[in-house]
Amino acid sequence: MEWLSAENVVAVATSVMGIGAAIAMVWYERHIPQRKRIGYRVQMDNPIGDDVQSGRPNVRLGSFDAPNMANGTLVLLRIENDGSKSIGLDDYTSRELNGLTVEFTDRTIHGVSVTQPQGTDHLMSHFTPHSGFGYDENGNKLRLPRVPLNRGEYFKLLVLLSGGDVGREIKLVGGIRDGEVRPNRGALPDDKPPMFGQEARVITIALIASVLTLSTIIIARDDNPPPLGCEKGKLTVTGSTAFAPVVEELAKVYERDCEGSEIAVEARGSSAGVGELADLKGKSKKSQASVIAFSDGRSSRAGTTLEADPMALSVFTLVSNKGLGLPEGLTLTQVRRLYSGEFGHWDELDPSLPHRRVVLVSRNADSGTRQIFQDRVLDGRWEGVPSTSLDCDLAVDKSAPVRCELNSTADVLKKVASTPGALGFSELNQANGEKGVKLVALNGDLADVEAIENDGSPYPYRGVEYAYTYGAPPAGSLAGSFLNYIRGNGQNVIRSHGHVPCSTEAGDRLCRDDD
């Protein structure tokens, strides 16, 4: 299904994560943070006496010589409602009159000062001995009254102590109904509490990440609609090995642009491919419509059931082993004499050439490239030199001339490049990329696509590339869609491989003239 594409799955998953994070945040706000909570933190714990046990000396100005203050300390303690609900008098669970108790480990309390922020004057009225506020002489516990605190309200205690070093444990003890008393993160006196808690920050980051991920998908996604006429299904393209590189590249582009299509390219030679298509006689229409056969030139095996559609003008060339050194190329007459078997060695054709055996590397009878060579270069005649070996192995075949038939254009090029005195034929673009071979001019003209298309070059070794189908492709078939795609979207690819598309004005004229 199209909606199960990778980007859609990621987008849906990200959206679910974002929605889930939002729901989790709402639930968290309603259930978890709503617990009543009193937090406390020590904002200052400094020595003020001469006996500095901690090794942190202090500078004093004025009189600090109170009794028993040699090891005196000052502590600033902030106590606040950092939950999400207000705390009332009855929310304290202590059985004593006071609500909470501050314990100063190893220290003695000498005095306490209570401060409150502006706008909370009601707090001071609770700090009375009758409300439980106080401490015992020579004691280390400070009793705090039951102070009602709205959300975010706080008060501070400045406590004068002696007898212990700074940094000793300071603990607030007590209980809150449906809540807790706990230390919170320490801060300096002028610090402001964070606007959001840690949990809220985590959820916010998750939401931001979700939005950014979705935005990235939207920006990176290819919103270009598929080409008109895209079809799904499976298609086999067979036939010409010379035109196979074009078909392979276009098949990949079509599969990328048209999801759900699968195109297999199985090049076995023009005649073999057309024969395979013709053999579908009696098969289902679905099977007949699932194969396209490309042929270099019209195929004699097409019969009356197959339809031929011109797609491109292909240009071919003779190639020789680079060491042969043909200076001016060959005339059509010389080529025909060579393939008639008239010359066994190259110096018999031209005394300036080396005394090497003539090695004719050909294609098998299924080849469209060979058929066009026979029709356009040999003037329809193939009689002459019979095949003398399977692979033109000069160490085994002592004939002169030597001739072999190979299965593909690539095989011909490799054999010509590696065999002294070899001559063969190939599709032009493939020959241009092969080391060890030289392109051979015919009647003084080298194979040149641009010269043929624009300058009217009479170069003879060329032919129309036909796409054969079993009858006209049915409407809505992948075969018909792919052929339309080649005509409309494949011109640049066809040109890049050295062919002239028949769908252009110049190409149409050339394809009709060479039909």
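**First stop: Ser 162 and His 110**

Start by selecting Ser 162 and His 110: their side chains make a polar contact of 2.4 Å. Bear in mind throughout that this is a predicted model. Ser 162 belongs to strand E7, which covers residues 154-162. Along the chain, Ser 162 and His 110 are 52 residues apart, yet their C-alpha atoms are separated by 7.4 Å. Is Ser 162 buried or exposed? With a relative accessible area of 6%, Ser 162 is buried, because anything under 20% counts as such.

**Step back: the whole chain**

Now zoom out and show the chain as a cartoon. You will find 14 helices and 19 strands. The chain has 515 residues, and 45% of them count as buried. About 26,300 Å² of the chain is exposed, with 51% of that supplied by carbon and sulfur atoms. Take the contacts between residues at least 6 apart in sequence: 77% of them join residues at least 24 apart.

**Second stop: Arg 78 over a ring**

Select Arg 78 and Tyr 154 next. The charged end of Arg 78 sits over the ring of Tyr 154, and its distance from the ring centre is 3.7 Å.

**Third stop: Thr 238**

Move on to strand E10, residues 233-239, and pick out Thr 238 there. Thr 238 has a relative accessibility of 2%, so this residue counts as buried. Which residues does Thr 238 touch, leaving aside those up to four places away in sequence? Show Glu 266, Arg 268, Gly 273, Glu 276, Val 291, Ile 292, Ala 293 and Phe 294 to see them. With Glu 266, look at the backbone oxygen: a polar atom of the Thr 238 side chain lies 2.8 Å from it.

**Fourth stop: helix H6**

Select residues 332-339, which make up helix H6, and colour its buried residues: Leu 332, Val 335, Leu 338 and Tyr 339. Turn the view to look down the axis of H6; the buried residues fall within an arc of 125°, so they line one face of the helix. A rule of thumb helps here: an α-helix has 3.6 residues a turn, so residues three or four places apart point the same way.

What covers that buried face? Among the elements to display are E13, helix H7 (346-349), strand E14 (359-363), helix H8 (368-377) and strand E16 (422-427). Before leaving, click on Gly 341, which follows H6 and has a positive phi, near 90°.

**Fifth stop: a cluster of rings**

Keep Tyr 339 on screen and add Phe 316, Phe 373, Phe 425 and Tyr 461: these five residues form one aromatic cluster. Two measures will guide you, since a pair of aromatic rings is described by the distance of the centres and the angle of the planes.

The model contains 11 aromatic pairs. Look at Tyr 339 with Phe 373: this pair is edge-to-face, 5.0 Å centre to centre, with 65° between the planes. Tyr 339 is in helix H6 and Phe 373 in helix H8, so the pair ties together parts 34 residues apart in sequence. Both Tyr 339 and Phe 373 are buried.

Then turn to Phe 373 and Tyr 461. The centres of these rings are 5.5 Å apart and the planes are at 55°, so this pair is tilted. Where do the two residues sit? Phe 373 is in helix H8, while Tyr 461 is in the loop between H11 and E18; the pair links distant parts of the chain, 88 residues apart. Phe 373 has a relative accessible area of 0%, and Tyr 461 also counts as buried, at 0% relative accessibility.

**Sixth stop: helix H14**

Select residues 505-513 to bring up helix H14, then highlight its buried residues, Gly 507, Leu 510 and Cys 511. Seen down the axis of H14, these fall within an arc of 100°, so they line one face of the helix. They pack against strand E13 (306-321), helix H11 (449-454), strand E18 (462-470) and strand E19 (499-501). On the other side of H14, find the exposed residues Glu 505, Arg 512 and Asp 513.

**Last stop: Lys 435**

Finish in the loop between helix H10 (428-432) and strand E17 (437-440), where Lys 435 is found. Lys 435 has a relative accessible area of 76% and is exposed. Add Ala 417 to the selection: it is 18 residues from Lys 435 in sequence and 7.0 Å from it in space, C-alpha to C-alpha.

Methods
Residues numbered from 1 in each chain as written. Predicted model: local features only at pLDDT ≥ 70, side-chain atom pairs only at ≥ 80, totals over all residues. Heavy atoms only, no water. Buried < 20%, exposed > 50% of the residue type's maximum accessible area, 1.4 Å probe, protein only. Helix = DSSP H or I, 4+ residues; strand = E, 2+ residues; numbered from the N terminus. Arc of directions from axis to C-beta. Contact = heavy atoms within 4.5 Å. Polar contact = N/O pair within 3.5 Å; in protein donor to acceptor, adjacent residues only side chain to side chain. Phe/Tyr/Trp six-rings, centres within 6.5 Å; stacked < 30°, edge-to-face > 60°. Lys NZ or Arg CZ within 6 Å of the ring centre and 35° of its normal. Areas by Shrake-Rupley, 256 points an atom, 1.4 Å probe, with all protein chains shown as cover.
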